[in-house]
Amino acid sequence: MISSPDTAIAVTVPAVAPSDTLPSLINKASVADRSVMPAETTAVDAGNARLLFSSIGARLLSVELREYKSFRVGKPNVIIRGANEPIVKYRLVSGTDTTDLDRVPFTREVSSQSAITYRTSTSLGDLVLSYEVVPDSYLVRVSGTLNGPRPAELLIALPGGIHSEEADTIDDRSHLAFAVKSRRDDARRIRFHDLDPGESDTIAGPIVWVASKNKYFLTALLAKNAVDPFSRVIATGSPRVGKAAPKATILVSHPALPGQPFAFEIYAGPQEWRRLHDLGSDFENVNPYGGFMQALIQPFATIVMRVLLWMRTNLKLSYGWVLVLFGIAVRIVLWPLNQSAMRTSLRMQRIQPQLTAVQAKYRNNAEKQREEIMRVYREHGMTPFSPLMGCLPMLLPMPVLFALFFVFQNTIEFRGVPFLWLPDISQADPLYIIPIVMGLSMYVLSWIGMRNAPPNPQAKMMGYVLPVMMTVLFWRFASGLNLYYTVQNIAALPQQWLIARERGKPTESLPVSIRA
């Protein structure tokens, strides 16, 4: 459904010097000679969203998301828009001739309830821009032609900072970033604060997609197909506000050849993993998880997201209970490996006196000492690598934990989800109950693990210190992450208790596999 309230705006006409080049045109451009023209603001109802277009500049101004509530006081729904700027605006560049379309009036044509065409004449030729809104998708298909005397570039500006709709605006702004995917490389993220004021970072094409994002929402340009990609991206840092970088500038270049149509797509919506994945071109990696550990964390994050979404869809449970079941499932899957690791540790404790005796007896004969140590290992079905292999299963849950840490930073599926007393599992527990329970569960797990074990002052000290350190570390982390780790600790208690009992049995009553 389209509505068109009309307003009038004043248009100024700055001049451009013939000697201007592209870098200087990032912040300066010429405008066609107009005086005061009416701006036709057109609203398009797309089911789950309401899009607002303007005939001045043929701009997409904002997108209201009806399925996502704003956490700002007095605002019902999330509205994606830039900080005092539209979602997209355009410039035409050909050599030193530049036309800033941001203030150029276009003639509007409404061809259907979801399609709008804008036309205008510029010094570089007649430009046509058409928008087709895809219902319930947050997607807009854009096509156009430039009928002019020479080739040009269409520079598309994405918002340099999406307006925050979160209660914690400081945390939301800390996630402001651009993400770029070229055809040759993996997705790359450029945080605003990584760009010094005035510093430009040019990424050569072919570019598959480019996005401007905050913590949960994004605006993006996607190449229509493999043969019509974007040619380059220019990201420029803006002045800081204190230590914060609330803005930046990004320009995306698309060739505009005379008389030849061009096309691309605009996505302005939530960072829903499944929806982004369905758009293809690795668009779900608009959040490259893991930072410098991306190569390790990203695969685990993808697997974790797929499993959690599958559990949510098929079990019909809230994400709080999904995390509880996921934590239990991880421990069940790792039970055999952990059992093997714990029994290897038991065997090491049994043979340690023999190893110590061999080392003392042959301390002056290194070769004989190695031979006797190997003999002790062979007699008990072990190797010098057994202690290392025994520790490996205990380290396997860590990549999942690290993946969840990054997943909780940007996963909109957890946004605003309550669980028991927790108002939002994507935020810290306001009562700090869950991090305290996590620390206590970790201490109990360590305490049971030390029962019937040989005296070890260092291990005993770590049994006290590590739970305290982890509690402090997790104190302000997402309550859902704390919930998962707490459930994992509790689920590991039965296995730890059984091994502690086994450790306390006399050697002769132990299973053959762990006798000294």
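Biologist: I have the model open. How many residues does the chain have, and what share of them counts as buried?

Modeller: Of its 516 residues, 51% count as buried. Keep in mind that this is a predicted model. The chain folds into ten helices and 20 strands. Its accessible surface is about 24,000 Å², and carbon and sulfur atoms supply 60% of that.

Biologist: What share of the contacts joins residues 24 or more positions apart?

Modeller: Counting contacts with a separation of 6 or more, 67% are between residues at least 24 positions apart.

Biologist: Now the interior, please. Which residues have the most contacts inside the largest nonpolar core?

Modeller: A nonpolar core is a set of buried nonpolar residues joined through side-chain atoms within 4.5 Å. Here the largest one has 75 residues, and Val88, Tyr90, Leu221, Phe264 and Ile266 have the most contacts inside it. Take Ile266: leaving out residues up to four places away in sequence, Ile266 touches ten residues by name, Leu60, Val88, Tyr90, Tyr131, Tyr138, Leu139, Val140, Val142, Ala220 and Leu221. Another core lies apart from that one, with 38 residues, including Leu308, Val322, Phe326 and Val400.

Biologist: Let me zoom in on Val180. Is Val180 buried or exposed, and why?

Modeller: The test is relative accessible area, with under 20% taken as buried. Val180 has 2% relative accessibility, so it counts as buried. You will find Val180 in strand β14, residues 177-182. Not counting residues up to four places away in sequence, Val180 touches Asp186, Ala187, Arg188, Ile203, Ile207, Trp209, Val210 and Val233. Its C-alpha atom is 6.5 Å from that of Ala211, although the two are 31 residues apart along the chain.

Biologist: Which strand does β14 pair with, and in what sense?

Modeller: Bridges are the thing to look for here. Six of them join β14 to β16, and the two strands run antiparallel. One contact point to find is Lys181, whose bridge partner in β16 is Trp209.

Biologist: Why is β16 described as largely enclosed?

Modeller: Strand β16 spans residues 200-213, and eleven of its 14 residues are buried, so the rest of the structure largely encloses it. Strand β18, residues 230-237, pairs with β16 in the antiparallel sense over six bridges; there, Ile203 has Val233 as its bridge partner. Strand β17, residues 217-223, is also antiparallel to β16, with five bridges, and Val210 is partnered by Leu221. Three residues separate β16 and β17, which form a hairpin.

Biologist: On to the rings. How many aromatic pairs does a search of the whole structure find?

Modeller: The search finds 18. For each pair, look at the distance between centres and the angle between planes. Phe53 and Tyr131 have ring centres 4.8 Å apart and planes at 50 degrees, so this pair is tilted. Phe53 belongs to strand β4 and Tyr131 to strand β11, so the pair ties together parts 78 residues apart in sequence. Both Phe53 and Tyr131 are buried. Phe178 and Phe192 also make a tilted pair, because their centres are 4.8 Å apart and their planes are at 50 degrees. Phe178 sits in β14, while Phe192 is in the loop between β15 and β16. Elsewhere, ring pairs link Phe405, Phe406, Phe474, Phe477 and Tyr485 into a cluster.

Biologist: Where does the charged end of Arg312 sit?

Modeller: It sits over the ring of Tyr319, 5.6 Å from the ring's centre. Try Arg415 as well: Arg415 lies over the face of Phe71, at 4.2 Å from the ring centre.

Definitions and conventions:
Residues are numbered from 1 along each chain as its sequence is written. This is a predicted model: local features need pLDDT of at least 70, side-chain atom pairs count only at pLDDT 80 or more; totals for chains, interfaces and linings use all residues. Side-chain values use heavy atoms; hydrogens and water are left out. Helices (H or I, at least four residues) and strands (E, at least two) are DSSP runs, numbered from the N terminus. Buried means under 20% relative accessible area, exposed over 50%, partly exposed in between (1.4 Å probe, protein chains only). Contact means heavy atoms within 4.5 Å. Accessible areas come from the Shrake-Rupley method with a 1.4 Å probe; for residues, only the protein chains shown count as cover. Two strands pair if DSSP finds at least two bridges between them. Rings of Phe, Tyr and Trp (its six-membered ring) pair if their centres lie within 6.5 Å; planes under 30 degrees apart count as stacked, over 60 as edge-to-face and the rest as tilted. A charge sits over a ring if NZ of Lys or CZ of Arg is within 6 Å of the ring centre and within 35 degrees of the ring normal.
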